[in-house]
Amino acid sequence: MNADSFIESRISVRPRVAVVLGSGLGAFADALENPVVIPYGEIPGWPKSTAIGHAGKLVAGRVEGCPVAALAGRAHLYEGYTAQQAVFGIRTLLRLGVESVVLTNAAGGINPKFAAGQLVLISDHINLLGQNPLTGPNDDSLGPRFPDMSEAYSIRYREMARAAGREMGLELPEGVYAAVSGPSYETPAEIRYMRTIGADLVGMSTVPETIAANHMGMKVLGISCVTNAAAGVIDQKLNHAEVLEVGERMKGTLIELLRRVIPRL
Ligand code: HPA
């Protein structure tokens, strides 16, 4: 049995929205109504997530009546996975009929306007991973060989997210997300370089999934939780515990935002 038919055999409702939850942000999956939980280890072919702070499970359920599939835990390049493996999950959900994708992540703030604890809508990205999930023979059943990426993060979805944020008294600024493979954090010189080329945020995920979703013609909403100022922006060292701790503090706001925006997508 492949991943698609395995998941279909376990869930009764076809998910309309896929949500990928970043480091320390898995709590949203536990807040779904009528949840069906499938640990990644049970799904044929699914890459296991090894990062601390990533639960490694698919949770299908509902948000305000809207059927969603949440991925708590993702495969990162720093774990040794290829970009193709990193998009296995999102491609599987898209083949199951998902129409919209919400990608969340923890990110470092390059733009000094973004303090730790801030939610930022991703307006565009810069792929510094050195890999692209679409390299190799193109699967024409998924999408074209050379997909357009000029609106990789839907303008309409960003407007919807801003409206949902306003209802909560939350201003949601936008920023350009630069993806690096990690796992070492960036040097201050690398962060200055990224600022020069137009990046506001830096992280180690999301871009492969955005590329795969756009390839398949899906619209993407990207939300970064700024967990720390990027290296050299302020005089403070970076550590993963801090990233998880700030993510933990922000999860309530993120869950509320997702709850409000997902049914509108
Ligand atoms: N750099 C890269 N990835 C990250 C960071 C960072 O500063 N914070 C959270 N994820």
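Here is a friendly exchange about how the labels on this predicted model follow from their definitions.

User: Before we start, what are the ground rules for this model?

Analyst: The model is predicted, so local features need pLDDT of at least 70 and side-chain atom pairs count only at pLDDT 80 or more, while totals for chains, interfaces and linings use all residues. Residues are numbered from 1 along each chain as its sequence is written, and side-chain values use heavy atoms, with hydrogens and water left out.

User: How do you know whether the radius of gyration of the protein chain agrees with a compact globule?

Analyst: The rule for a globule is 2.2 Å times the number of residues to the power 0.38, with the radius taken over C-alpha atoms. For 265 residues that puts a compact globule near 18 Å, and the protein chain has 17 Å, so the value agrees. Along its principal axes the C-alpha trace spans about 50 × 45 × 35 Å.

User: What makes a stretch of the protein chain count as a helix or a strand, and how many are there?

Analyst: Both are DSSP runs numbered from the N terminus: helices are H or I with at least four residues, and strands are E with at least two. On that basis the protein chain has 8 helices and 9 strands.

User: Why is T227 called buried or exposed?

Analyst: Buried means under 20% relative accessible area, exposed over 50%, and partly exposed in between, using a 1.4 Å probe and protein chains only. T227 has 1% relative accessibility, so T227 counts as buried. This residue lies in strand β9, residues 219–229. Not counting residues up to four places away in sequence, T227 touches A106, A107, A116, E242, V243, V246 and G247, where contact means heavy atoms within 4.5 Å.

User: And which class does A31 fall into?

Analyst: A31 has 30% relative accessibility and therefore counts as partly exposed. It sits in the loop between α2 (27–30) and β2 (33–39). Leaving aside neighbours within four places in sequence, A31 is in contact with I255 and R259. The C-alpha atoms of A31 and D140 are 37 Å apart, with their positions 109 residues apart along the chain.

User: How do you class P188, and what does it touch?

Analyst: P188 has a relative accessible area of 38%, so P188 is partly exposed. It lies in helix α6. Residues up to four places away aside, P188 touches A231 and G232. The C-alpha atoms of P188 and A231 are separated by 5.0 Å, although the two residues are 43 apart along the chain.

User: What makes a set of residues a nonpolar core?

Analyst: The set must be made of buried Ala, Val, Leu, Ile, Met, Phe, Trp, Tyr and Cys residues joined through side-chain atoms within 4.5 Å. The largest such core has 45 residues, and I7, I43, L58 and I90 touch the most other members. Helix α7 (residues 207–215) gives the largest share of this core, 4 residues. A second, separate core holds 34 residues, including V59, V63, M250 and I262.

User: What does I7 touch?

Analyst: Neighbours within four places in sequence aside, I7 is in contact with I38, I43, W46, L58, T92 and L96.

User: How do you know whether α7 is mostly covered or mostly open?

Analyst: Helix α7 is mostly covered, with 9 of its 9 residues buried. Among them are V207, P208, I211 and H215. Just after α7, G217 takes a positive phi of about 80°.

User: What makes N34 and E64 worth a look in terms of phi?

Analyst: Most residues other than glycine have a negative phi, and most peptide bonds are trans. Phi of N34 is near 45°, and phi of E64 is near 50°; each is a positive value in a residue other than glycine. N34 is in strand β2, and its 62% relative accessibility makes N34 exposed. E64 is in the loop between β3 (57–63) and β4 (66–72), and at 48% E64 counts as partly exposed.

User: Which kind of peptide bond joins G182 to P183, cis or trans?

Analyst: That bond is cis, with omega near 5°. P183 is found in the loop between β7 (174–179) and α6 (188–196).
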